[in-house]
Amino acid sequence: MPIIVNVDVMLARRKMQSKELAERLGITPANLSILKTGKAKGVRFDTLEALCQILDCQPGDILEYVAEP
């Protein structure tokens, strides 16, 4: 898939655990896992906004486009 989700990278940079992020986002750890592994079919803008606020980052820090050959 050409869209890479870098939530794990941002979690590591912020020294935060997935469980804490899920709690602060108000979603289940299972749903956060689906997002982190790139298996989500979409991301709501309010969820993306909350991720950016909590992780103090920009949307481009979380989502990355990589062209397929």
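Arginine 24 and glutamate 20 sit together in helix 2 (residues 18-25), four residues apart, which is about one turn of the helix. Their side chains meet in a salt bridge, with a distance of 3.6 Å from N to O. Please keep in mind, as you look around, that this is a predicted model. The notes below start with the charged pairs, then turn to the largest pocket and to helix 4.

**Salt bridges**

- How many salt bridges are there? The count comes to three.
- Side chains of opposite charge can pair when their charged atoms come close.
- In the helix 2 pair, arginine 24 is partly exposed at 48% relative accessibility, and glutamate 20 is partly exposed too, at 35%.
- An α-helix has 3.6 residues a turn, so residues three or four places apart point the same way.
- Another salt bridge joins lysine 36 to aspartate 8, and their closest N and O atoms are 3.2 Å apart.
- Lysine 36 belongs to helix 3 (residues 29-36) and aspartate 8 to helix 1 (residues 7-13), so this pair ties together parts that are 28 residues apart in sequence.
- Aspartate 8 has a relative accessible area of 44%, so it counts as partly exposed.
- Aspartate 46 and arginine 44 also form a salt bridge, with 3.0 Å between the closest N and O atoms.
- Is arginine 44 buried or exposed? Arginine 44 counts as exposed, at 59% relative accessibility, while its partner aspartate 46 is partly exposed at 42%.

**The largest pocket**

- The volume of the largest pocket is about 160 Å³.
- Which residues line this pocket? You will find Ile27, Asn31, Leu35, Ala40, Gly42, Val43, Arg44 and Thr47 around it.
- By type, the lining residues divide into four nonpolar, three polar and one charged.
- Arg44 is part of this lining, and arginine 44 is also the salt-bridge partner of aspartate 46.

**Helix 4 and its surroundings**

- Helix 4 covers residues 45-55, and its buried residues are Leu48, Ala50, Leu51, Cys52, Ile54 and Leu55.
- What do these buried residues pack against? They pack against helix 1, helix 2, helix 3, helix 5 (59-62) and strand 2 (63-65).
- Right after helix 4 comes aspartate 56, which has a positive phi, near 50°.

Notes
Residues are numbered from 1 along each chain as its sequence is written. This is a predicted model: local features need pLDDT of at least 70, side-chain atom pairs count only at pLDDT 80 or more; totals for chains, interfaces and linings use all residues. Side-chain values use heavy atoms; hydrogens and water are left out. A salt bridge is a side-chain nitrogen of Lys or Arg within 4 Å of a carboxyl oxygen of Asp or Glu. Helices (H or I, at least four residues) and strands (E, at least two) are DSSP runs, numbered from the N terminus. Buried means under 20% relative accessible area, exposed over 50%, partly exposed in between (1.4 Å probe, protein chains only). On a 1 Å grid over the protein atoms alone, a cavity is a set of points where a 1.4 Å probe fits but cannot get out, and a pocket is an open set with protein on both sides within 12 Å along at least five of seven lines; lining residues have an atom within 4 Å of a point. Grid points are joined across faces, edges and corners, and a volume is the space filled by probe spheres set on the points. Ala, Val, Leu, Ile, Met, Phe, Trp, Tyr, Cys and Pro count as nonpolar, Asp, Glu, Lys and Arg as charged, and the others, Gly among them, as polar. Contact means heavy atoms within 4.5 Å.
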